[in-house]
Amino acid sequence: MSNKQIRYEALVRAFHADLFRYAFWLCHQRTVAEDLVQETFLRAWKSLDSLQEAAAAKGWLITILRRENARRFERKQFDYQDVDQDWLEDEHSEGPEQTAENQQLHQYIARLAEEYREPLVLQVLLGMTGDEIAQTLELNLNTVNTRLFRARQQLRELLLQSPATGASQHG
Amino acid sequence: MDELEFRRRLLSNPTTNDEAVVQQLAADPDKQRLQHELLILDQQIKASLAVPVPADLADRLLLSQGLLQHKKIRQRRWWLGMAASLVLVAGLVQQRDHLYPWPDDIAGHALAHVYHEAKHLDDNNSLIDLTRVNLLLADLGGELRSWPGTIRYASFCYFQGTRSLHLIFNTPQGPVTVFVLPKNHGLESGSDFYDAQFHGHNMQLAKADLVLVAGKNQSLSGIATTLQQQLQFQI
């Protein structure tokens with residue numbers, strides 16, 4: 001097996017789950033998320049030589065995936081489906097381990113404006129630092145921090161108002 | 001730093017190392033409670049974000065890359081394939097003088113491939129992992145569920161026009177070559193065979209034929225049993 005093949009396989013194994021979840025939160029449909037991840041990795045294979053260091057791999061893949069998602073929008077702008085339809089699929093896709101509380105939070109996260117949700121996903125799910133997020137989203141650090149602050153603030157407000165989870169807020 | 005700025009910094013990153021934030025936290029139990037609450041919220045957010053990932057996604061990603069690569073190689077290197085075939089034919093003609101007479105049968109082809117592979121193996125000692133082998137095997141509808149030893153070589157080759165998988169397994173006694181042929185190969189498959197250096201064994205499975213070749217002093221029964229147990233074909 002060639003070196004390139006070995007590097008590629010390691011990338012797929014290490015990052016496919018994170019990328020799938022990130023893609024899901026961009027497009028809210030599992031099948032589309034899977035297509036996005038497929039396209040991302042095929043592009044990554046074609047330009048694998050441009051990835052110099054392993055430490056940069058995650059950001060590099062995320063950048064490719066965002067570009068693929070933007071392309072999808074260009075192609076799909078005339079027949080983009082109704083958003084409610086999207087959420088329907090999303091709710092059915094949850095595993096049995098999802099508690100009612102989690103599902104509620106899931107919906108609140110889905111309801112956040114994309115500009116707040118995306119940096120939150122990158123930080124909490126993918127463990128990226130503020131600087132990495134700023135670089136990936138091509139924003140300055142201050143803007144990223146403000147959006148992360150607002151994302152958490154809104155989620156806290158929604159959870160505190162919600163009867164299902166209000167009691168579970170430990171002090 | 002005023003109260004608002006403190007909240008802004010803590011809510012943008014509850015695990016921040018920001019010195020000013022850390023100092024204020026140390027001095028104020030209410031602020032510690034807020035941090036604690038935010039850390040719990042982050043755990044809940046993380047659990048909510050972690051939607052289930054399709055179980056076989058990684059394998060499917062590797063497979064589609066493999067298919068892409070395969071297509072590319074076929075497009076670009078047809079002339080290389082042609083050259084390799086010519087070399088193989090020349091080798092076959094040459095080796096036949098040393099063989100017991102098995103004209104155009106599986107044994108003759110298998111031995112020719114084994115003699116041919118020997119020239120290339122010394123300078124390539126890398127190991128192939130099972131996932132890679134299964135990517136290739138999938139083309140023939142097969143799967144190797146697990147393998148106790150290491151695998152040294154996996155590539156497609158042609159048995160008189162039949163695309164077959166050429167594998168080399170390392171065993172304690174030495175390397176064993178295994179060819180996986182789809183059922184429609186049209187070659188005569190006798191029983192066991194041998195020449196001055198190697199001996200071979202034909203195995204007929206329901207969905208494929210296997211040819212095992214090893215050095216004359218090596219036993220093939222162990223690996224034959226393992227293959228029977230671990231190699232599965234889709235219906």
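**Strand E7(B) and the A–B contact**

In this predicted model, strands E6(B) and E7(B) form a hairpin, with three residues between them.

Visitor: What makes E6(B) and E7(B) a pair of strands?

Guide: Seven antiparallel bridges join E6 (residues 198-204) to E7(B). Pairing needs at least two bridges, so the seven found here satisfy the rule. One example is Met203(B), whose bridge partner in E7(B) is Leu210(B).

Visitor: Which other strand is joined to E7(B) by bridges, and how many are there?

Guide: Strand E4 (residues 174-182) of chain B, with six bridges, also antiparallel. Because at least two are required, E4(B) and E7(B) pair as well. Here Phe179(B) has Val211(B) as its bridge partner.

Visitor: Why is E7(B) called mostly covered?

Guide: Eight of its eight residues, 208-215, are buried. Buried means under 20% relative accessible area, so each of those eight falls below that cut-off.

Visitor: Turning to the two chains, how do you know that Arg13(A) and Asp59(B) meet in a salt bridge?

Guide: Their side chains come to 3.3 Å, N to O. The limit is 4 Å between a Lys or Arg nitrogen and an Asp or Glu carboxyl oxygen, so this pair qualifies. The count between chain B and chain A is four salt bridges.

Visitor: Which helices of chain B supply at least two residues of the side that touches chain A?

Guide: H1, H3, H4 and H7 of chain B each do so. The largest share, 14 residues, comes from H3(B).

Visitor: How many residues does the contact take from each chain?

Guide: The contact takes 40 from chain B and 47 from chain A. About 4,200 Å² is buried between the chains, with carbon and sulfur atoms giving 60%.

Notes:
Residues numbered from 1 in each chain as written. Chains lettered and ligands numbered in written order. Predicted model: local features only at pLDDT ≥ 70, side-chain atom pairs only at ≥ 80, totals over all residues. Heavy atoms only, no water. Buried < 20%, exposed > 50% of the residue type's maximum accessible area, 1.4 Å probe, protein only. Helix = DSSP H or I, 4+ residues; strand = E, 2+ residues; numbered from the N terminus. Contact = heavy atoms within 4.5 Å. Buried area = accessible area lost by both parts, 1.4 Å probe.
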